[in-house]
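Visitor: I am new to this structure and would like to be walked through it slowly, with the reasoning spelled out.

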Amino acid sequence: MSNFQLTRNAFGKLIYSAPGEEAQEGVVPVRSFPIAAPDIGIAIVSPDGHELVWIEKLSDLPEATRLLLEEELASREFLPEIKQIKRVSVFASPSTWTLATNRGDATLVLKGEEDIRRIGDSALLIADTHGIQFLIRDLNKLDKTSRKLLDRFL
């Protein structure tokens, strides 16, 4: 990883600068594996789509740079993580699910079972009718009631 610096301008855009290079305004951090390994493999990309720097691990960065990157990534990514399935309206599609997520209580409408995708061994990505993606990071960590409700759709 090269020696670089990230700052924000007055409009909130990220500015990338590195010794011997022209500063780039409006750069964007992109995760390689946003679900499976969110803190590993992050690229800083120029506004025209060229990779400026590759970051192996967020933890390798100085704290100020790491915090700025985490803040920017969080503002760009909206992926509520399901902590509990409280209720399901019917066990057929479409159905309305009442959830507890890491971003508060939510409701999703599931069009069909095909909108539930497995990711790896124990993660699921569920798309609702509005295109919002909900994540279950680890099926094994769901409570028994949530797991029983979910099993009806898998």
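Guide: Before your questions, please keep in mind that this is a predicted model.

Visitor: How far apart are the end C-alpha atoms of helix α1, and what span should its residues have?
Guide: Helix α1 runs over residues 63–76, which makes 14 residues. At 1.5 Å a residue, these should span 20 Å, and the distance between the end C-alpha atoms agrees with that expectation, being 20 Å.

Visitor: Which residues of α1 are buried?
Guide: A residue counts as buried when its relative accessible area is under 20%. In α1 the residues that meet this are Thr65, Leu68, Leu69, Glu72 and Leu73. Seen down the helix axis, these buried residues of α1 line one face, because they fall within an arc of 130°.

Visitor: Which residues are exposed on the other side of α1, and which strands do its buried residues pack against?
Guide: On the other side of α1, the exposed residues are Glu63, Ala64 and Ser75. The buried residues of the helix, for their part, pack against β1 (5–8), β2 (14–17), β4 (28–31), β5 (40–45) and β6 (51–57).

Visitor: Is Glu72 buried or exposed, and which residue does its side chain join in a polar contact?
Guide: Glu72, which lies in helix α1, has a relative accessibility of 13% and therefore counts as buried. Leaving aside residues up to four places away in sequence, Glu72 touches Arg8, Leu14 and Pro29. Its side chain is joined by a polar contact of 2.9 Å to the side chain of Arg8.

Visitor: Where does His50 lie, and is it buried or exposed?
Guide: His50 lies in the loop between β5 and β6, and a polar contact of 3.2 Å joins its side chain to that of Asp48. Not counting residues up to four places away in sequence, His50 touches Ile44 and Val45. The cut-off for exposed is over 50% relative accessible area. At 51%, His50 therefore counts as exposed.

Visitor: How many Å apart in space are His50 and Glu72?
Guide: In sequence, His50 and Glu72 are 22 residues apart. In space, taken from C-alpha to C-alpha, the distance between His50 and Glu72 is 18 Å.

Visitor: Which residues of helix α2 are buried, and which are exposed on its other side?
Guide: In helix α2, residues 144–151, the buried residues are Ser146, Leu149 and Leu150. Seen down the axis of α2, they fall within an arc of 95°, so they line one face of the helix. This buried set packs against β7 (82–88), β8 (95–101), β11 (123–127) and β12 (133–136). On the other side of α2, the exposed residues are Lys144 and Lys148.

Visitor: Which residue caps the N-terminal end of α2?
Guide: The cap can be recognised by a side-chain oxygen that lies 3.2 Å from the backbone nitrogen of Thr145. The residue that supplies this oxygen, and so caps the N-terminal end of α2, is Asp143.

Visitor: Which residues does Arg147 touch?
Guide: Arg147 lies in helix α2 and, at 28% relative accessibility, counts as partly exposed. Not counting residues up to four places away in sequence, Arg147 touches Leu139 and Asn140.

Visitor: Which residues are the closest to the centre of the largest pocket?
Guide: The largest pocket has a volume of about 350 Å³, and 16 residues line it. Helix α1 gives the most to this lining, with three residues. The lining residues closest to the centre of the pocket are Arg31, Pro34, Glu77, Leu79 and Arg137.

Note on methods
Residues numbered from 1 in each chain as written. Predicted model: local features only at pLDDT ≥ 70, side-chain atom pairs only at ≥ 80, totals over all residues. Heavy atoms only, no water. Helix = DSSP H or I, 4+ residues; strand = E, 2+ residues; numbered from the N terminus. Expected span 1.5 Å × (residues − 1). Buried < 20%, exposed > 50% of the residue type's maximum accessible area, 1.4 Å probe, protein only. Arc of directions from axis to C-beta. Contact = heavy atoms within 4.5 Å. Polar contact = N/O pair within 3.5 Å; in protein donor to acceptor, adjacent residues only side chain to side chain. 1 Å grid on protein atoms, 1.4 Å probe; cavity = no way out; pocket = protein on both sides within 12 Å on 5 of 7 lines; lining within 4 Å. Points joined across faces, edges and corners; volume = space filled by probe spheres on them.
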